[in-house]
Amino acid sequence: MKNLFFLSLLWMAFACQKKENNVELKNATAQDSHTFSNPQAAVVKHLDLDIKVDFDTQTIAGKASWTIDNLSKGNEIILDENTLNISKVTLGKDEKPTTFTLGNEVEFHGKPLRISIEPNTTQVNIYYSTTKDAIALQWLKPEQTADKKYPFLFSQGESIWSRTWIPCQDSPAIRFTYNAKVSVPKELMAVMSAVNPQQKNNTGIYTFSQTKAIPSYLMAIAVGDIGFKSIDQRTGVYAEKSVLNKAAWEFGQLGQMVTAAEKLFGPYRWGRYDVLVLPPSFPYGGMENPNLTFLTPGVIAGDRSLTSLLAHELGHSWSGNLVTNATWNDVWLNEGFTTYVEHRIGETIFGIQEAKMQDVLSRKSLQDNMEAYGPKNPATQLKVKVDGLNADESLSDIPYEKGYAFLQTVENAVGRKAFDQFITEYFNAHAFQSITTEDFLKYFNEHLIKGNKELANQIKAEEWIYQPDIPSNIIPATSEDFNAIDQIQKTWRQTGVKGLSAKIKSTNEKQHFIDYLPADMTQKEMAAIDQEFNFTQGGNFVVKRQWFVQVIKHQYQPAYPAVEQFMIGTSRTGSLQTLYTEMVKTPQGKTWAKSIFEKAKSGYHLTTVQDLQKTVQ
């Protein structure tokens, strides 16, 4: 998942190889504090899901039939649930009645669902429905969609929210396959994190199959008036009709990205790779649901300038979906590796100069996060400790950008050729498994360090992983293109801004220019820059977000209506957090922030509301 945001400072303070379709159990233990399940005793292996999506009641209802392995031959299996209505539970294909109990509720975690089973039980059937409190589900009214004709539904399971729409063993360490039958209104189409239909049928009933074992947070569903357009033989895009052609053009290099990733890190193992462009209330840049990445519409800039986000979500097909963090304390294994893969794909597709600019932006994001946390804060470690907390607190920019910087350090020490070989072998050795940081370090030491103390001291892996702050051996990032802009920054106040838009053209260049504008900008200077670049009314999502930070900071009131429109029109948590955090630095800004939040929160995703309300209080 590509977040690219600051969590609120309050939250930031905490912050055996198997075959493909087998569940890997060595890390499916109680060390994952975010699940009530005990998979060493009884574990799920396959899900048959039969559900109906009801937009009138805004509920999903049906039956989740789990094929299980009762390893202990005991009389109980424990699943996770959060805000679900469980009506009954039966055992086996003959639906033998059984009993179940719900334990005490734990904040963020829900309740343990304890089901009585028999030593020979292999199937558990759970009849249930969701409620309005299901954090994973976002129900949109027609006016909240692009086409404004039909309602829309999408899910967001990461990190521990899948249990709010399916009773499951909700741990990244527990993997399972699934089949699903989904009934929706006939005018709409359903898609999932599986093999998907490419056109609407006239029954409203859709079936799905995911034959690769995935963790529960990658269970995903979307329902809406969407169409499909192919990009090449194995990639394509789903979107609402008014967005479809624009999205297909924007992502026209998607097939090239898949091919580039394969050449770097081995074959793509999921069959098709498609993307679904969601309405603006999607809370993240993208979510790497297998076979079908969920994507923000903000990435559609009209010039393919923001498609590096696609490279990130595609990268998860290797790091995250193929090799998964076993607990949310180990999330850097997903996001750090994926950010590295993203940059390597980007370098291949867009060239070295683009890659250098992205490196500088990455370092700035890392440095900004470090300053926000404080260098001694344990949340700046790669392996964090979020036990007992909301697992989402692990998802700051630190695992992305510090993880990427660490892997760059390793690459620099051993050479790109050797590191590429190591990563490819690492992905292959742990394919369709979930591992801990300690598992990674063991493999890293055995297959890359190989007892070479000088190399180990050069890399300092344990300092990177277990210590806060940024180690001194970080690889510097430089860009000739940005250096030229830095020179412009030194002179434009004397020479004027006229003509600068012809020299500062790309999204990256504009972002760098905006980020380093003088701290004492005058209203006249803000107006002159806005007139030259048309940042307030033009620009893509990223450029507008960065410009609006400056607008808020310098109280450039002519842009206030555009800022408010922007903040009401998107639910990307990280971008909103950046803007709200800047607003609340002054009393007037805090009043403004509260006003916008009250207007906008009904259109925000529930996880976005949950995060932002701590900032604007």
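Trainee: What comes just after α5, and what is its phi?

Mentor: In this predicted model, G351 sits just after α5 and has a positive phi of about 100°. Helix α6, residues 352–373, is likewise followed by a glycine with a positive phi: G374, at about 100°.

Trainee: How do you know that the span of α5 agrees with its number of residues?

Mentor: Helix α5 covers residues 332–350, which is 19 residues. At 1.5 Å a residue it should span 27 Å, and its end C-alpha atoms are 25 Å apart, so the two values agree. Helix α6 can be checked in the same way: its 22 residues reach 31 Å from the first C-alpha to the last, close to the expected 32 Å.

Trainee: What makes α5 mostly covered?

Mentor: A residue counts as buried when its relative accessible area is under 20%. In α5, 16 of the 19 residues are buried.

Trainee: Let's try single residues. Why is Q511 called buried?

Mentor: Q511 has a relative accessible area of 13%, and the cut-off for buried is under 20%, so Q511 is buried. Q511 is in helix α13, residues 507–515. Leaving aside neighbours within four places in sequence, Q511 contacts L361, V542, R545 and Q546.

Trainee: Why is Q58 called partly exposed?

Mentor: Q58 has a relative accessible area of 36%. Partly exposed lies between the 20% and 50% cut-offs, so that is the right word for Q58. You will find Q58 in the loop between β1 and β2, where it has a positive phi of about 55° although it is not a glycine. Not counting residues up to four places away in sequence, Q58 touches T130 and W139. The C-alpha atoms of Q58 and T130 are 8.5 Å apart, although their places lie 72 residues apart along the chain.

Trainee: And why does K148 count as exposed?

Mentor: Exposed means over 50%; K148 has 54% relative accessibility, so it counts as exposed. K148 lies in the loop between β9 and β10, and its phi is positive too, near 60°, in a residue other than glycine.

Trainee: How do you describe the packing of α7 and α8?

Mentor: Two packed helices are described by the angle and the distance between their axes. For α7 (residues 398–414) and α8 (residues 416–429), the angle is about 125° and the axes are 6 Å apart.

Trainee: Why is α7 called oblique to α8?

Mentor: Roughly perpendicular runs from 65 to 115 degrees, and roughly antiparallel is over 145. The angle of about 125° falls between those ranges, so α7 is oblique to α8. In this contact, L407, V410, E411 and V414 of α7 meet R416, A418 and F419 of α8. By class, that gives five nonpolar, no polar and two charged residues.

Trainee: What covers the buried residues of α9?

Mentor: The cover includes α5, α7, α8, β21, α10 and α11. Among the buried residues of α9 are F440, L441, F444 and I449.

Trainee: Where in the protein is confidence lowest, and where is it highest?

Mentor: The lowest mean pLDDT, 34, is in helix α1 (residues 9–12), and the highest, 99, is in strand β8 (residues 123–129). The pLDDT is below 50 over residues 4–30. Where pLDDT is low, the predicted coordinates should not be read in detail. For the protein as a whole, the average is 94, and 95% of the residues score at least 70.

Definitions and conventions
Residues are numbered from 1 along each chain as its sequence is written. This is a predicted model: local features need pLDDT of at least 70, side-chain atom pairs count only at pLDDT 80 or more; totals for chains, interfaces and linings use all residues. Side-chain values use heavy atoms; hydrogens and water are left out. Axes are lines fitted to C-alpha atoms, for helices over the stretch in contact, and angles run from 0 to 180 degrees between N-to-C directions. Helices (H or I, at least four residues) and strands (E, at least two) are DSSP runs, numbered from the N terminus. Angles under 35 degrees count as roughly parallel, over 145 as roughly antiparallel, 65 to 115 as roughly perpendicular and the rest as oblique. Contact means heavy atoms within 4.5 Å. Ala, Val, Leu, Ile, Met, Phe, Trp, Tyr, Cys and Pro count as nonpolar, Asp, Glu, Lys and Arg as charged, and the others, Gly among them, as polar. pLDDT is the predictor's confidence in each residue, from 0 to 100. Buried means under 20% relative accessible area, exposed over 50%, partly exposed in between (1.4 Å probe, protein chains only). The expected span of a helix is 1.5 Å times one less than its number of residues.
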